[in-house]
Amino acid sequence: MPSPYSDHRLVQTAVIGDKKSDLAIILPMAAAELARWRKQHANYTYWCGTLLGGCGEPLTDRLYHSKVCHFAHHPHHQCHRTANGEDSADHLFAKRAVHQWLGSQRLRGGIQLRSLGLGPGDAVDVDVRDTGRRLRFQLSPVEHADWRRIARELDTHADDSADWVFGMKGIPPHDLLDRDGYTFRIRFDTQGAARCPYIGTQRPGGEIEWTPFEDCWLTPEGLRTPAVEAILAERRPSVSPSSEPRAQKPAAAKTRARSRDEVVRDLRQALELDARWRTRPTWRRLAHTVNMDLAQ
């Protein structure tokens, strides 16, 4: 007999305050946990929020000892909300986590929920004004052709000013894996009445290394995790003693121009690493890898 905890027909998520709220909650499923929650938050009201794809009507929390606790509409009410499981509010938990994350990094940014036809939780877009970078949390899976179209509409396909973070359903576009040598994934773990995001760095072979979202950081070159730093270090050519400046030399000596042969050697090593990782090279990444301005 299947566990009642796996029955996604039950309404497990709601929003707090009013029907337009973005403050999501997962109802504690165990009776003792819900009883404690009720005592701690006696004044909360729960709604089948419009940002959940719901009807906007109030919900009541039902406490059961013999089966899983869940939200319920008032009797005889008809609601056509299609997503009711504990992952149905992940876009709202992602939005809240991004807002807190930007504040911890002292960055300003706009956050918008996007519907791609499946519901309000299809994607979360972040425009980080302080760095000029964008993040797209693509929570609903999309086919590769659809991703190309969406990327063109977002004007992110031709450059690398955007970081795409994909949910666990579907396969990320190989374009990004070829370009960068990795792609980002996102998963959510239930902790109490919330869902906490983790960012996964996926290598070409499919291996994923997970990092709590609050431990990620943003640079002018993009979203970073410890796994991304390790991949970039593996791809960066080693510096020979003849071209490495000594620490005790004055600052002017540290910026001396490398010879043409040294530049060619470093570029060749960078391209060999691109071939090894089956990554499509770009001028921007090559310039970052060899640590020089290639425009000249």
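Buried means under 20% relative accessible area, exposed means over 50%, and partly exposed lies in between, using a 1.4 Å probe and protein chains only. By that rule, 42% of the 296 residues of the chain count as buried.

This is a predicted model: local features need pLDDT of at least 70 and side-chain atom pairs count only at pLDDT 80 or more, while totals for chains, interfaces and linings use all residues. Residues are numbered from 1 along each chain as its sequence is written, and side-chain values use heavy atoms, with hydrogens and water left out.

**Stop 1: the whole chain**

Switch to a cartoon view. The chain holds eight helices and 14 strands; these are DSSP runs numbered from the N terminus, with helices being H or I of at least four residues and strands being E of at least two. Contact here means heavy atoms within 4.5 Å. Among contacts between residues at least 6 apart in sequence, 52% join residues at least 24 apart.

**Stop 2: the five-stranded sheet**

Select strands 1 to 5. They form an open sheet in the order 2-1-3-4-5, with antiparallel pairing; two strands pair if DSSP finds at least two bridges between them. Strand 2 (24–26) and strand 5 (70–72) are the edge strands, each pairing on one side only. Strand 1 (residues 13–16) joins strand 2 through three antiparallel bridges, and there Thr13 has Ile26 as its bridge partner.

Now add helix 1 (residues 31–40), which packs on this sheet and touches strand 2, strand 3 (46–47) and strand 4 (58–62). The direction of helix 1 makes about 130° with that of strand 4. For such angles, axes are lines fitted to C-alpha atoms, for helices over the stretch in contact, and the angles run from 0 to 180 degrees between N-to-C directions.

On strand 5, pick out His70. Is His70 buried or exposed? At 11% relative accessibility, His70 counts as buried. Not counting residues up to four places away in sequence, His70 touches Leu10, Val11, Gln12, Leu27, Thr60, Asp61, Arg62 and Tyr64.

**Stop 3: the seven-stranded sheet**

Next, select strands 6 to 12. This open sheet has the order 6-7-8-9-10-11-12 and mixed pairing. Strand 6 (109–114) and strand 12 (208–212) are its edges, each pairing on one side only. From one strand to the next, the twist averages 25°.

Show helix 2 (residues 90–104) as well. Helix 2 packs on this sheet, touching strand 6, strand 7 (123–128), strand 8 (133–138), strand 10 and strand 11, and its direction makes about 175° with that of strand 6. Helix 2 also lies across strand 1 and strand 2, running at about 120° to strand 2. Helix 5 (residues 226–235) lies across strand 10, strand 11 and strand 12, at about 5° to strand 11.

For a look at the pairing, zoom in on strand 10 (residues 183–191) and strand 11 (residues 194–202), which are antiparallel over nine bridges. Thr183 has Gln202 in strand 11 as its bridge partner.

**Stop 4: strand 8 and its neighbours**

Colour strand 8 by accessibility. Five of its six residues are buried, so strand 8 is largely enclosed by the rest of the structure. On one side, strand 7 pairs with strand 8 in the antiparallel sense over six bridges, and Val126 stands opposite Leu135. Four residues lie between the strands of this hairpin, where Gly132 takes a positive phi near 75°.

Strand 8 also runs parallel to strand 9 (residues 162–166), joined by five bridges. Gln138 stands opposite Phe166 in strand 9.

Step on to Gly167, in the loop between strand 9 and helix 4 (174–180). Gly167 counts as buried, at 5% relative accessibility. How far apart in space are Gly167 and Leu139? Their C-alpha atoms are 4.6 Å apart, although the two residues are 28 apart in sequence. Leaving aside neighbours within four places in sequence, Gly167 is in contact with Gln138, Leu139, Arg185 and Ile186.
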